[in-house]
Amino acid sequence: MAQWRPLPDTTRPELRLLIEELRHLKQTSGLSLAGLAARTTYSKSAWHRYLNGDNLPPRDAVDAFGALGGAEHHAHLLELWDRATRTPALPAPPPRPPEAAPAPPAPPRPRRTHHRTLTVAAALALVGSAAWAAVPHLREATPAAPAPPACQGASCQGDDPARTSCRTDARTQSALKTASYAVKLRFSPSCDTIWSEVRNSSTGARTESPMLVAPDPRQAEACAEVNHKMLCTGDVPPG
């Protein structure tokens with residue numbers, strides 16, 4: 001079992017409860033970090049940071065992990081995440097002692113191709129019975145935080161596009177709109193990554209999937225599963 005670093009005394013109670021619950025669920029699930037990455041599409045290094053308290057995990061990561069523990073764990077984890085994000089995020093962790101050279105980034109997960117389409121494993125809840133999946137053919141981003149970290153290719157795999165510089169040059173590769181939602185395939189040339197963006201047309205709420213390595217966005221598309229029917233953006237750009 002991984003030995004997690006003790007959380008600082010200054011960690012807010014809501015945040016401490018969330019991280020401790022995530023650690024407990026990982027222990028009881030029997031999953032390794034690599035196994036957790038494979039089940040949630042967030043990278044092994046990303047989960048190491050979340051469980052050590054270095055970064056606040058995105059809601060999608062908590063949602064995907066909670067679903068592995070059943071309905072009761074799922075609802076409880078999302079409630080803890082909502083409480084933790086009502087106030088400022090994680091305090092800065094205490095200085096670490098000198099370490100050996102960082103391990104190389106986790107290699108990208110094997111891609112499965114099907115008629116030129118690469119499918120992202122993450123499903124994103126939006127409204128009602130709609131579930132969303134990014135398939136290579138992705139697009140758009142939101143305003144980046146000040147001085148976001150840079151990454152490229154495999155080092156971006158599974159990361160949240162909102163927490164990187166990949167949004168800077170992101171463009172919409174294809175899009176699909178209905179009366180209730182819009183789904184876009186976003187592509188960052190500088191990062192060689194794609195991700196899906198889903199927007200609720202009524203509320204304006206937006207959800208993004210973790211990034212996938214995809215130097216050629218023409219081999220990808222963003223899909224939405226609505227009422228058990230899969231609708232995909234295809235190759236035609238939005239008008």
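**Close-up views of a predicted model**

**Figure 1. Buried residues of helix α2.** In α2, the buried residues are L33, G35, L36, A37 and T40. Elements that cover them include α1, α3 and α4. The model shown here and in the other views is predicted. Helix α2 spans residues 33-40, and T41, with a positive phi near 70 degrees, follows the helix.

**Figure 2. Helix α2 against helix α3.** The second helix of this pair, α3, covers residues 44-52. The two axes approach to within 8 Å, and their crossing angle is roughly 110 degrees. An angle of 65 to 115 degrees counts as roughly perpendicular, and α2 and α3 are therefore roughly perpendicular to each other. On the α2 side, the contact is formed by L33, A34, L36, A37 and T40. On the α3 side, K44, W47, H48 and L51 take part. Sorted by class, the residues of this contact are six nonpolar, two polar and one charged.

**Figure 3. Helix α2 against helix α4.** Helix α4 runs over residues 59-68. The axes of α2 and α4 come within 10 Å, with a crossing angle of roughly 105 degrees. This pair is therefore also roughly perpendicular. From α2, the contact uses L36, R39 and T40; from α4, it uses A64, F65 and L68. Four of the residues in the contact of α2 with α4 are nonpolar, one is polar and one is charged. L36 and T40 of α2 also belong to the contact with α3.

**Figure 4. Helix α4 and the residue after it.** Which residues of α4 are buried? They are D60, A61, V62, D63, F65 and G66. F65 also takes part in the contact of α4 with α2. Just after the helix, G70 has a positive phi of about 95 degrees.

**Figure 5. The largest nonpolar core and W47.** This core has 24 residues, of which L18, W47 and L51 touch the most other members. Helices α1 (13-29), α2, α3, α4 and α5 (71-84) each contribute at least two residues to the core. With residues up to four places away in sequence left out, W47 touches L33, L36, A37, T40, Y42, A61 and F65. L33, L36, A37 and T40 are buried residues of α2, while A61 and F65 are buried residues of α4. W47 and L51 also appear on the α3 side of the contact with α2. Another core, of ten residues, lies apart from the largest one; among its members are Y181, V198, A214 and A220.

**Figure 6. Two residues with positive phi.** Most residues other than glycine have a negative phi. T41 is not a glycine, yet its phi is positive, about 70 degrees. T41 sits in the loop between α2 and α3. Is T41 buried or exposed? Its relative accessible area is 7%, under the 20% limit, so T41 is buried. D192 is likewise not a glycine and has a positive phi, of about 55 degrees. The loop that holds D192 joins β6 (181-188) and β7 (193-200). D192 has a relative accessible area of 22% and is partly exposed.

**Figure 7. Q157 and the backbone of V213.** Q157 is located in the loop between β4 (131-134) and β5 (171-177). With a relative accessible area of 7%, Q157 is buried. A polar atom of the Q157 side chain lies 3.0 Å from the backbone nitrogen of V213.

**Figure 8. T178 and S201.** T178 belongs to the loop between β5 and β6. Its relative accessibility is 32%, so T178 counts as partly exposed. Which distance separates the C-alpha atoms of T178 and S201? It is 8.5 Å, for two residues 23 positions apart along the chain.

**Figure 9. The whole chain, for context.** The secondary structure consists of five helices and eleven strands. Of the 239 residues in the chain, 45% are buried. Among contacts with a separation of 6 or more, 62% are between residues 24 or more positions apart.

How values were computed: Residues are numbered from 1 along each chain as its sequence is written. This is a predicted model: local features need pLDDT of at least 70, side-chain atom pairs count only at pLDDT 80 or more; totals for chains, interfaces and linings use all residues. Side-chain values use heavy atoms; hydrogens and water are left out. Axes are lines fitted to C-alpha atoms, for helices over the stretch in contact, and angles run from 0 to 180 degrees between N-to-C directions. Helices (H or I, at least four residues) and strands (E, at least two) are DSSP runs, numbered from the N terminus. Angles under 35 degrees count as roughly parallel, over 145 as roughly antiparallel, 65 to 115 as roughly perpendicular and the rest as oblique. Contact means heavy atoms within 4.5 Å. Ala, Val, Leu, Ile, Met, Phe, Trp, Tyr, Cys and Pro count as nonpolar, Asp, Glu, Lys and Arg as charged, and the others, Gly among them, as polar. A nonpolar core is a set of buried Ala, Val, Leu, Ile, Met, Phe, Trp, Tyr and Cys residues joined through side-chain atoms within 4.5 Å. Buried means under 20% relative accessible area, exposed over 50%, partly exposed in between (1.4 Å probe, protein chains only). A polar contact is a pair of N or O atoms within 3.5 Å; within protein, one must be able to donate a hydrogen and the other to accept it, and residues adjacent in sequence count only if both atoms are side-chain atoms.
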